[in-house]
Amino acid sequence: PVVDINNWKGFVVNYDMVTDSKEENLRTGYVFVTFYNSIVDAENSKNRIGLRLSERNIKTSKSTTKYLFGTIPAGAKYMTIGFSNYSSAKSKVSLDNIWIYNSDVGADFDGVDIKPMKVDQNNLFLNSHGNL
């Protein structure tokens with residue numbers, strides 16, 4: 001369902017994930033949060049404002065508690081949460097016990113002032129592995 005995030009500064013998603021696979025160190029399931037300005041856009045997955053991805057699960061045959069957190073993008077009023085398996089042909093991933101929190105997210109970088117990175121809109125392949 002769509003989550004109303006009006007007046008939220010940040011979010012925390014807490015969840016448990018289990019991967020079953022015969023291969024070890026296979027990077028599999030992940031959670032993603034998408035942000036929208038209107039409830040109609042959120043319900044139809046259109047005009048996304050932003051996206052936050054979790055790390056992919058690497059542990060097999062063991063329930064792992066994971067967290068995804070971040071700030072709310074400017075203009076976002078609604079969010080949805082999704083789940084996918086990056087290696088579905090080689091693994092089975094299940095998600096359980098998902099919690100969503102409104103949070104005043106912050107980080108301490110040992111006194112270093114970290115600023116957001118501004119990216120040129122014409123730069124389409126930020127991490128293209130040499131294909132520029």
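**Exercise 1.** Find which side chain makes a polar contact with the side chain of Lys 66, and state whether Lys 66 is buried or exposed.

*Solution.* Step 1: the side chain of Lys 66 makes a polar contact with the side chain of Glu 55, at 3.3 Å. A polar contact is a pair of N or O atoms within 3.5 Å; within protein, one must be able to donate a hydrogen and the other to accept it, and residues adjacent in sequence count only if both atoms are side-chain atoms. This is a predicted model, in which local features need pLDDT of at least 70 and side-chain atom pairs count only at pLDDT 80 or more, while totals for chains, interfaces and linings use all residues. Residues are numbered from 1 along each chain as its sequence is written, and side-chain values use heavy atoms, with hydrogens and water left out.

Step 2: Lys 66 is buried, at 10% relative accessible area (buried: under 20%; exposed: over 50%; partly exposed in between; 1.4 Å probe, protein chains only).

Step 3: leaving aside residues up to four places away in sequence, Lys 66 touches Val 13, Asn 14, Tyr 15, Glu 55 and Asn 57 (contact: heavy atoms within 4.5 Å).

**Exercise 2.** Place Lys 66 in its strand, and give the strand order of the open sheet that contains β5.

*Solution.* Step 1: Lys 66 lies in strand β5, residues 64–71 (strands are DSSP runs of E, at least two residues, numbered from the N terminus).

Step 2: β2 (residues 10–20) pairs with β5 in the antiparallel sense over eight bridges (pairing needs at least two DSSP bridges). Within this pairing, Val 13 has Leu 68 of β5 as its bridge partner.

Step 3: the open sheet has three strands in the order β5-β2-β7, with antiparallel pairing. Its edge strands are β5 and β7 (92–103), each pairing on one side only.

Conventions
Helix = DSSP H or I, 4+ residues; strand = E, 2+ residues; numbered from the N terminus.
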